[in-house]
Amino acid sequence: QMQLVESGGGLVQPGGSLTLSCAASGFRVSDYGTGWFRQAPGKEREAIACINPKSSTAHYLPSVQGRFTFSKDNAANTLYLQIVSLKFEDTANYSCAVAPSSAAFCLGPLIVGAEHWGPGTQVTVSS
């Protein structure tokens, strides 16, 4: 059973940094398409970064390009999202996802075919 659990969120001042983690179980992050999403209060969930199956190259939402870095540690079976220069508008619940199909692919920052999400970790940017 594919499972994901995020951690690392918190309260951060504008301009600060965070690294979010997503511990995976039931599958190998090296083999499947994975992605990060966020959902701000009152808004729909948006895809922010994606990595294709068997790849390590990330694709980003243009508005986060340069500030967000999506990486994975295959040995630890964990995904990471490093965020720098945090802005008020980055406040959201951040979750990771996996697409169980070998046919999954990234459409920009969106992992097409995602079926499993973690519960998310809250990031709040406030002064």
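**Aromatic contacts and nonpolar cores**

Tyr-32 comes out as partly exposed in this predicted model, with a relative accessible area of 25%. Phe-27, on the other hand, is buried, at 8% relative accessible area. The structure holds three aromatic pairs. Phe-27 and Tyr-32 form an edge-to-face pair, because their ring planes stand at 85 degrees, with the centres 5.8 Å apart.

Arg-45 also turns up next to aromatic rings. Its charged end sits over the ring of Phe-37, 5.5 Å from the centre. Arg-45 lies over the face of Trp-117 as well, this time at 4.2 Å from the ring centre.

Both of those ring residues, Phe-37 and Trp-117, are touched by Ser-95. Ser-95 belongs to strand S9, which covers residues 92–99, and is buried, with just 6% relative accessible area. Setting aside residues up to four places away in sequence, the other contacts of Ser-95 are Glu-6, Gly-35, Trp-36, Gly-118 and Gly-120.

As for nonpolar packing, the largest core has 30 residues, and Trp-36, Phe-68, Phe-70, Leu-81 and Tyr-94 have the most contacts inside it. Among the elements that give two or more residues to this core are strands S3 (18–25), S7 (68–73), S8 (78–83) and S9, along with S13 (121–125). Take Leu-81: beyond its neighbours within four places in sequence, this residue is in contact with Trp-36, Phe-68, Phe-70 and Tyr-94, and also with Leu-18, Thr-19, Leu-20, Ile-48 and Thr-69. Another core, of nine residues, lies apart from the largest one and includes Ala-47, Cys-50, Ala-104 and Ala-114.

Notes. Residues numbered from 1 in each chain as written. Predicted model: local features only at pLDDT ≥ 70, side-chain atom pairs only at ≥ 80, totals over all residues. Heavy atoms only, no water. Phe/Tyr/Trp six-rings, centres within 6.5 Å; stacked < 30°, edge-to-face > 60°. Buried < 20%, exposed > 50% of the residue type's maximum accessible area, 1.4 Å probe, protein only. Lys NZ or Arg CZ within 6 Å of the ring centre and 35° of its normal. Helix = DSSP H or I, 4+ residues; strand = E, 2+ residues; numbered from the N terminus. Contact = heavy atoms within 4.5 Å. Core = buried A, V, L, I, M, F, W, Y, C linked by side-chain atoms within 4.5 Å.
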